[in-house]
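Let's work through a few exercises together, with the structure open beside you. Try each task on your own before reading its solution.

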Amino acid sequence: MTGPDAPPGPTVIVRVVARLLLAPSVVVAVALIVKGYTAVGDGFAAGMVVGLAVALNAVALGARRAEAALPVLRHAPYAAVGGALLALASGFFPVALGEPVFSHRPGPDEKVVSVGKAELMTAVSFDVGIFLLVVGVVTVLVHQLAEPDQEPQA
Amino acid sequence: MTALALSLLVPWAVGLLLVVLDGRRRTVGWLGVVTLGATVAVLGVLAADVLRGGTVAFVTGGWPVGVGILLRADALGVTFALSSCFVLLAAACAETLLGVGQRTLPGLLVLLAAGLNGLFLTGDVFNFYVFFEMSMIAAYVLTGYGGGRAQLRAAVIFASVNLLGSFIFLVAVAGTYRVTGTLAMTDVAERIREVPPNAAVAVAVGFFVAFSVKLGLFPFHYWLPTVYADTRPAVAAVLSGAVANIGAYGLLRFGPGVFAEQLRLSATVLIALGAASIIYGGVLAVARHRPAEMLAYSAIGQVGYVLVAVGVGGPVGFAAAVLYSVVNALNKALLFLTSAVRGPLVAGAFVVGALSVAGVPPAVGFVGKLAVFRTAVDARSPTLVVLLVVGSALSLLYLFLIYQREFWAEEDREAVTDAEVRDAAPARGVSRRVPVVVLAVLLLAGGVWPEPLAAVSGAAADVLTGTANGAGP
């Protein structure tokens, strides 16, 4: 990246498409999580979709400008750890109840509260955790590959 | 069941938190030590349960067997988990006392404990692979700890060779699923008998190569000297005392536990490779000058004993292999940790470790060596007995070479050039020697009162021969 006027990187089309794709990718990710369990979809796939959109933005705009445009990306490490902890909590909470880990609530054949298509159960919170973990890790990876913390020794 | 779940949850959850916090702060370091201590305590409770009441197992989610993933704590797994976590605890303690130099270190050590516990306490081949990768990723990052050129080179070598090993392991897992249609270890052990012999041997060789790379056995050892010699002492202790346990445990779990027939067929090869490891490691260790390098070659030699014991097999051989792995983990942890500190107490601790490696009473290594010798006598092989004696003599020789150079001729230390600033000026504070001294006292106590260790390894061997008898003809 030499000058702000004529960045030698991708063309304006790539940059615009990258920006435009961001919102739909989040929508698709939400759909993948909500749709899961009865149809195709889970937290990992959803996380990969958003992660790819973030990576495309970094390719199109350069990592620094992508992060300036999307300040929320700065919280990626916390999203990754928070997501992993949420997934662990969703998996291991039955230990407190004396049941095997990953026994989900509500259990099989029990009534599930749903908001629209979204079913409120611990399996979903597990997948939300996985989603946050994947997005966080991909964002951190993109950041580190673009601008490593340490200067490489020549 | 609660203890089994907690042994995964405690290090996993706290490890994630610790990775975010700044590990260079003293409190964070100690939090890591406390977590590892709690993990060891939970594993101790689990071990008591297992030894008293037999295998503890449950299927995740309460699914039927064969649908859910089986988590299973038997005597073999618990023994390895306990010794690995103990080594991690000692290394974390030693490094926190010296001052942690990198923010992620405590978190990575604790996450490594979570990965190791997971793979030692699972009854499913693929779940084993997942936890295996989790611990290896933590280990890759740990190898780079220190951030110098030497450490980065070690990390690159370690990661690339072991990624290749992991890939071979994954191919073997896929092959297992292809030929048996299942990934539960007990089912694989049963169905492998109806598999065409060539396919079964191919899969078994894949597992063997993967674990040998991890363990650093003779033809697969090429990565080991550079990595063990160039990493920080605490990391080298973790790699040889905890991560290498994956290889030993894998050989035992997948050898007699799953591929019993194939193991019987290849016994001669295993014994020959083990013997080659013992002699090669011993001879090259004598020829080296840097203590860390000598200890690295010593590690190659020591794992040879485990392979010989596995090759001879039977209740005596497997018990000897378990016993020797545990003893070797403690020995190596002690010896690598001593290279970071100095003083008369440390010299004494080093002597205990050296005697233990050579198998001289009263150190616990004597018990391990005795078990391996018993195995050789049981195999009615004079060659093997002579070889073990030669190996022990070599280890005594190179360890006292180190002792002489490092602890007697201390003013000549400059002759042993070392780029590492902290290695060149080893710490001398009294409190910093505590982990080393505690390990040494433990090795002596284990030698004076070996019954618990012998009983545990016997129970672990019973797990293996139990399945072997059930699955064999």
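The exercises below deal with a predicted model, and each solution goes step by step.

**Exercise 1. Chain A**

Task: Describe the make-up of chain A, and work out how the transmembrane regions given by UniProt look in the model.

Solution:
- Step 1, count the elements. Chain A contains six helices and two strands.
- Step 2, put them in order. Starting at the N terminus, the elements follow the pattern α-α-α-α-α-β-β-α.
- Step 3, ask how much is hidden. Chain A has 154 residues, and 35% of them count as buried.
- Step 4, turn to the record. An unreviewed UniProt entry lists "transmembrane region" at residues 12-37, 43-63, 75-97 and 120-142 of chain A.
- Step 5, check two of these stretches against the model. Residues 43-63 of chain A are 95% helix and 0% strand, with 25 Å between the end C-alpha atoms. For residues 75-97 of chain A, the figures are 91% helix and 0% strand, and the end C-alpha atoms lie 33 Å apart.

**Exercise 2. One alanine**

Task: Find the helix that holds Ala31(A), and decide whether this residue is buried, partly exposed or exposed.

Solution:
- Step 1, locate the residue. Ala31(A) sits in helix H1 of chain A, which covers residues 12-35.
- Step 2, classify the residue. Its relative accessible area is 35%, so Ala31(A) is partly exposed; the class runs between the 20% limit for buried and the 50% limit for exposed.
- Step 3, add a distance. Ala60(A) comes 29 residues away from Ala31(A) along the chain, and 26 Å separates their C-alpha atoms.

**Exercise 3. Aromatic pairs in chain B**

Task: Classify the ring pair of Phe120(B) and Tyr249(B), then the pair of Phe350(B) and Tyr403(B).

Solution:
- Step 1, set the scene. Over all chains, the structure has 32 aromatic pairs.
- Step 2, take the first pair. The ring centres of Phe120(B) and Tyr249(B) are 4.9 Å apart and the planes meet at 75°, an edge-to-face arrangement; the cut-off for that label is over 60 degrees.
- Step 3, see what this pair connects. Phe120(B) belongs to helix H4 (residues 105-120) and Tyr249(B) to helix H10 (residues 233-254) of chain B, so the contact ties together parts that are 129 residues apart in sequence.
- Step 4, check the burial. Phe120(B) is buried at 0% relative accessibility, and Tyr249(B) is buried with a relative accessible area of 0%.
- Step 5, take the second pair. Because the planes of Phe350(B) and Tyr403(B) are at 15°, with centres 6.3 Å apart, this pair is stacked.
- Step 6, place these rings. Phe350(B) lies in helix H15 (residues 344-358) and Tyr403(B) in helix H17 (residues 382-408) of chain B, 53 residues apart. Both Phe350(B) and Tyr403(B) are buried.
- Step 7, widen the view. Phe120(B) and Tyr249(B) are part of one aromatic cluster, whose members also include Phe80(B), Phe126(B), Tyr129(B) and Phe211(B).

**Exercise 4. Charges over rings**

Task: Which ring has Arg232(B) over its face, and which has Lys369(B)?

Solution:
- Step 1, look at the arginine. Arg232(B) lies over the face of Tyr145(B), 5.7 Å from the ring centre.
- Step 2, look at the lysine. Lys369(B) is placed over the face of Tyr305(B), at 4.6 Å from the ring centre.

**Exercise 5. Empty space**

Task: Describe the lining of the largest cavity and of the second largest pocket.

Solution:
- Step 1, survey the cavities. The whole structure has eight cavities of 30 Å³ or more, and the largest has a volume of about 120 Å³.
- Step 2, name its lining. Among the 14 lining residues of the largest cavity, Leu215(B), Ser240(B), Ala244(B), Val303(B) and Asn328(B) lie nearest the centre. The lining has nine nonpolar, four polar and one charged residue.
- Step 3, move to the pocket. The second largest pocket holds about 560 Å³ of space. Its lining has 22 residues, with Leu82(B), Val326(B), Leu330(B), Pro452(B) and Leu453(B) nearest the centre.
- Step 4, trace the source and character. H3(B) gives the largest share of this pocket's lining, six residues. By class, the lining of the second largest pocket has 18 nonpolar, four polar and no charged residues.

Methods. Residues numbered from 1 in each chain as written. Chains lettered and ligands numbered in written order. Predicted model: local features only at pLDDT ≥ 70, side-chain atom pairs only at ≥ 80, totals over all residues. Heavy atoms only, no water. 1 Å grid on protein atoms, 1.4 Å probe; cavity = no way out; pocket = protein on both sides within 12 Å on 5 of 7 lines; lining within 4 Å. Points joined across faces, edges and corners; volume = space filled by probe spheres on them. Helix = DSSP H or I, 4+ residues; strand = E, 2+ residues; numbered from the N terminus. Nonpolar A, V, L, I, M, F, W, Y, C, P; charged D, E, K, R; others polar. Phe/Tyr/Trp six-rings, centres within 6.5 Å; stacked < 30°, edge-to-face > 60°. Buried < 20%, exposed > 50% of the residue type's maximum accessible area, 1.4 Å probe, protein only. Lys NZ or Arg CZ within 6 Å of the ring centre and 35° of its normal. UniProt positions renumbered as here; feature names shortened; annotations may be inferred.
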